[in-house]
Amino acid sequence: MNKVLGAAVFVYCLWVLQSYLGVLEFDRQQVLNGQIWRIWTGHLVHTNITHFVLNIMAAMVLYFAFFKTINLGELLLYGFIFAALISVTLLCIYPSLSWYNGLSGLLHALVVYFSVCLARDENKIFWAGLIVVWVKVFVETIRAYSGFESLVGDMIVITEAHLIGAFFGTLIAFIRIAYWRARRKPERRKIESQ
């Protein structure tokens, strides 16, 4: 019940934030002028109602797909980390990108991250989630570099954020797995030597 309430509060808060798009969206010039909060808040606001509804629907599907396994603290921590990594990468690698908003890049990062972590923990079905996201990102990237624009209505989809999100989600998940394996080796040796 707490997770359902949490999801409702999340949607409500995002809805309220839509009124502050001009102050919160990732705007390259404003970030470079010192409005650092936009690195995180740009992921919480949306271009229009269609964009908002699509991102919320995707977030809710994913949230309830991982419902039993997501720890709220971990979700918030990695959401904070991935939002910063995506925004800073957009800032550094795509100098022609003047703005960004929406949850989609962050959702890609979180889905890939949790898919890898859960697949490693014997839930092999989550490898399918990882594969589906990477196939989607691969197709989007090929289409974008072939000159096709991804549009939702009259809004351009920043597919680079999806690619960056999937990349960092995968990278951080495998770093986490390697870290835990390295920590377990001395414990195993200690147990075996007793």
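In the predicted model, the largest pocket is lined by 28 residues, and those lying nearest its centre are Phe 10, Leu 75, Leu 76, Leu 103 and Leu 110. Two or more residues of this lining are contributed by each of helix H1 (2-17), helix H5 (49-65), H6 and helix H7 (104-120), with the largest share, seven residues, coming from H1. The space within the largest pocket amounts to about 700 Å³, and its lining divides by class into 25 nonpolar residues, three polar residues and no charged ones.

Helix H6, one of the elements that contribute to the pocket lining, comprises residues 72-93; at 1.5 Å a residue, its 22 residues should span 32 Å, and the separation of 31 Å between its end C-alpha atoms therefore agrees with the expected value. At the start of H6, a side-chain oxygen of Asn 71 comes to within 2.7 Å of the backbone nitrogen of Gly 73. The residues buried in this helix are Glu 74, Leu 75, Tyr 78, Gly 79, Phe 82, Ala 83, Ala 84, Ile 86, Ser 87, Thr 89, Leu 90 and Leu 91; one of them, Leu 75, is buried and is also listed among the residues nearest the centre of the largest pocket.

Enclosed space was assessed separately, and the count comes to one cavity of 30 Å³ or more, with about 30 Å³ of space lying in the largest cavity. Its lining is formed by Tyr 94, Thr 141, Ala 144, Tyr 145, Thr 159, Glu 160 and Leu 163, and the elements giving two or more residues to that lining are H8 and helix H9 (159-193). By class, four of the lining residues are nonpolar, two are polar and one is charged.

Helix H8, which takes part in lining the largest cavity, extends over residues 126-145, and its end C-alpha atoms are 29 Å apart, in agreement with the 28 Å that its 20 residues should span at 1.5 Å a residue. The buried residues of H8 are Phe 126, Leu 130, Val 133, Val 137, Glu 140 and Thr 141. Because these residues cover an arc of only 105° around the axis, they are placed on the same side of H8. On the other side of the helix, by contrast, Ile 131, Val 132 and Phe 138 are exposed. Thr 141 thus belongs both to the buried residues of H8 and to the lining of the largest cavity.

Definitions and conventions
Residues numbered from 1 in each chain as written. Predicted model: local features only at pLDDT ≥ 70, side-chain atom pairs only at ≥ 80, totals over all residues. Heavy atoms only, no water. Helix = DSSP H or I, 4+ residues; strand = E, 2+ residues; numbered from the N terminus. Expected span 1.5 Å × (residues − 1). Buried < 20%, exposed > 50% of the residue type's maximum accessible area, 1.4 Å probe, protein only. Arc of directions from axis to C-beta. Polar contact = N/O pair within 3.5 Å; in protein donor to acceptor, adjacent residues only side chain to side chain. 1 Å grid on protein atoms, 1.4 Å probe; cavity = no way out; pocket = protein on both sides within 12 Å on 5 of 7 lines; lining within 4 Å. Points joined across faces, edges and corners; volume = space filled by probe spheres on them. Nonpolar A, V, L, I, M, F, W, Y, C, P; charged D, E, K, R; others polar.
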